[in-house]
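Here is a friendly tour of one protein chain, meant to be read with the model open beside it. We will go through contacts and cores, salt bridges, cavities and confidence.

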Amino acid sequence: MCACFSGGCGCCSSSDDHDHEENDFREMRVKGRRCTDVFCFGLFAFFILTLLIIGAYGYTHGDLYKIIYGSDSFGGVCNRKNPNISVIYNGTKETYPFGGNDLSNKKYLFPMDIRNPSKSAWICVDQCPPKTFSTGKEMYNYRKSNGTDFCMYPKIRQKFNNKHLSSNTGVCPTFPVFKSESILNRCIPSDLIEGAGGVLDNLVDFINSFDFVRGIARDLVLLWNEILFISLCALGVSLLVVFLIRFFAPIVVYLIYALVVASTIGVSSLLWYFWYDASRKADLILPTAAIPEGTTTNRLSFEIDFDARTLLALAVVSTICSIFLTLIVWCLWPRGTLVIDLFKQAGKAVSKMPSLLFQPIITSLVLLLFLCYWGIVFAYLYTSADPYFHMLNRINSDSPQEYEELPIIKYDIYPLLRYMIWIHVFGLIWISEFIFAAQRMVIAGAIACWYFAKDRNAIGSPMFQAIHMLFRYHLGSIAFGSLIITAVKFPRYIFMYIYAKMTGSKNFVVKYLLACVIGLLACIEKCLRYLHHNAYTVIAISGQSFCPASKTATNILLDNAVNVATINSVGDFVLFLAKSMVTFAVGCFAGYSFHSNPKVNYWYISAMLCAAIAYFIANCFVSVYEMIVDTLFLCYAEETAMVSRSNGSQHYADADFHDFMNTTLQRERNYRRVPAVENNELEMRDRNLPKEAA
């Protein structure tokens, strides 16, 4: 806990921040620090306490069994002996007459009418229908031989006087009852053709969505060991890339350039070949192939032609991207020496602090633990809704009048619970941003401690010093910065949700305005994130509060705009290409492995999942180099400004690095300015000729 309570959460500089600037440039980074943005730290601590209270409320009022096994239409949870339910009805608390059922060993939710799942009563059964029952007699005979009952509970049968009615409200299900399989403990028809034949459109959508999820779930269960192995391979490849950048930078930089060009050209060539092959097969198949029964020639032609046109579009887009990337690589090829020198300097820091490479693993583990906790609390909150009576109308119009309605239980998210859910979602964004900000601060602090150390051989562990400074002084600053990002990100997600809900809307003006607002907020978020990353580095260097550090970072970026553009356009782009190559290689390997497995339904989904995991892993490790390069440049720029203001009373912490940066950046400036200088000389010569002649 901070021992001092000066500072705040506003953007007004304190006098202490200005006084620090007059102290010795290196000493002020270790001594004289004070707690920054303490008010924001207190606000963040209060918010954490609020989240814990919300979690405790969800734990005491929620029930995870409702999600794991599901809840029937009568307030009971499957696979459990349920107590009686009390419901507020017309201002009085009443006991629900159909609750309190013993559903032990009944693990599966089963609908009375699968054709209308949203308008059907659901009950718990001990198994899903193993076959299709066309009549009540078939189901009755199966119950006598097997003991499984797909009709209502005894309490509900008594209400209907034990009549064997068949409808969405019971007593027995609507026939035919299709053969079903358990998906997340819900009985879903396994034969889509049989289940979708001659039924309503909502059944088709309901079943198709579950069928797609079922196929993906089967693939993930089948391939989980391969996905784990490929993820470990991605981890190994990422570490190998970092190792090669550290020790073989001159070779790796140009090798990345060559591999990117070769990969993009190869992908474009394959897509053109696939398009040619698909077009040729379409021309050969259509005249001779037997058309399936019930399928028209036009429909078959449309499907094949659509496939060929899709490949053509992909080939054109891939070719344009290949040309674009090739031109970029051609322009950046002469600047490869700058990238090599930058990576060599960053490699010195990595060699002194190899623990920097393991810091992303720690961040990922902390983030994973938080996400697990957040998901469990959200599940408890979601199941904390209050029960209420709802009259379910019978769809069959020929049923007796006295059985038209069935009182069932539904759940209402009351206002207080809705507010708690919104706060919980807000906490997901804020704490996630806080964790990433802490990672940036630790890496920047470690680099700053190493850069400004008087004796780098006796510095100890810069990583632990950076962690100590973060937790001792600057938790409020990263809480403030992450709160600003969250204040932009949270409404953007809300607008994205509203935009997704308006997919079928014809109000194009509102949709266009929403799209503009979403794009504007995304741009603001990216700009703020880049500024905050540099502000965290300044905080680690100088110990300022967040707002003065943001001002300092902005001034540094503006004063060194050309140098920043040079480093970012070259170094960061090469690192992005390295991450992309790891993703591409892992994705191709996963796609080739899964495509050859005949048991896999959606191999491309699993391959895309492996590629996403590979990019996340590569980004965690390769981005460490990006942070190191950016931090070293800010240290160099801030030190240069401080030495200039000291009028020679201070000296550079790393004269070799300072000379390297000056030489490298001057070489880049000369590389860009040579044509302009020649043009200026010609203009001056033309202007002076008349004067000399006169």
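A contact here means heavy atoms within 4.5 Å. With that in mind, and remembering that this is a predicted model, a good place to start is Leu356: leaving aside its neighbours within four places in sequence, Leu356 is in contact with Ala349, Ile443, Ala446, Ile447, Met463, Val624 and Ile628.

**Nonpolar cores**

- Leu356 belongs to the largest nonpolar core, which has 103 residues.
- Within that core, the residues that touch the most other members are Phe343, Leu356, Ile478 and Ile628.
- Another core lies apart from it and has 34 residues, among them Phe110, Trp122, Val177 and Cys187.
- As general background, nonpolar side chains in soluble globular proteins tend to be buried together.

**Salt bridges**

- How many salt bridges does a search of the whole structure find? The search finds 6.
- Side chains of opposite charge can pair when their charged atoms come close.
- Glu433 takes part in a salt bridge with Lys489, where the closest N and O atoms are 2.9 Å apart.
- Because Glu433 sits in helix 12 (residues 415-451) and Lys489 in helix 14 (residues 475-501), this pair ties together parts that are 56 residues apart in sequence.
- Are Glu433 and Lys489 buried or exposed? Glu433 has a relative accessibility of 7% and counts as buried, and Lys489 is buried too, with a relative accessible area of 14%.
- Glu433 also forms a salt bridge with Arg529, again with the closest N and O atoms 2.9 Å apart.
- That second pair links distant parts of the chain, as Glu433 is in helix 12 and Arg529 in helix 15 (residues 508-542), 96 residues apart.
- Arg529 is partly exposed, at a relative accessible area of 23%.
- A network of salt bridges links Glu433, Lys489, Arg492, Glu525 and Arg529.
- Elsewhere, Arg143 and Asp149 meet through their side chains in a salt bridge, at 3.6 Å from N to O.
- Arg143 is partly exposed, with a relative accessible area of 25%, and Asp149 counts as partly exposed at 25% relative accessibility.

**Cavities**

- The structure holds 3 cavities of 30 Å³ or more, and the largest cavity has a volume of about 100 Å³.
- Which residues lie nearest the centre of the largest cavity? Of the 14 lining residues, these are Phe110, Pro111, Ile114, Val177 and Phe178.
- Two elements give two or more residues to this lining: strand 3 (108-111) and strand 6 (186-189).
- Phe110 and Val177 line the largest cavity, and both are members of the core of 34 residues.

**Confidence**

- The chain has a mean pLDDT of 76, with 75% of its residues at 70 or more.
- Among the elements of the chain, helix 2 (residues 38-61) has the highest mean pLDDT, 94, and helix 6 (residues 192-196) the lowest, 42.
- Residues 1-6 stay under 50 in pLDDT, and the model has 14 contacts beyond four places in sequence for them.
- Residues 397-401 also stay under 50, with 4 contacts beyond four places in sequence in the model.
- Where pLDDT is low, the predicted coordinates should not be read in detail.

Notes. Residues numbered from 1 in each chain as written. Predicted model: local features only at pLDDT ≥ 70, side-chain atom pairs only at ≥ 80, totals over all residues. Heavy atoms only, no water. pLDDT = per-residue confidence, 0-100. Helix = DSSP H or I, 4+ residues; strand = E, 2+ residues; numbered from the N terminus. Core = buried A, V, L, I, M, F, W, Y, C linked by side-chain atoms within 4.5 Å. Buried < 20%, exposed > 50% of the residue type's maximum accessible area, 1.4 Å probe, protein only. Salt bridge = Lys/Arg side-chain N within 4 Å of Asp/Glu carboxyl O. 1 Å grid on protein atoms, 1.4 Å probe; cavity = no way out; pocket = protein on both sides within 12 Å on 5 of 7 lines; lining within 4 Å. Points joined across faces, edges and corners; volume = space filled by probe spheres on them.
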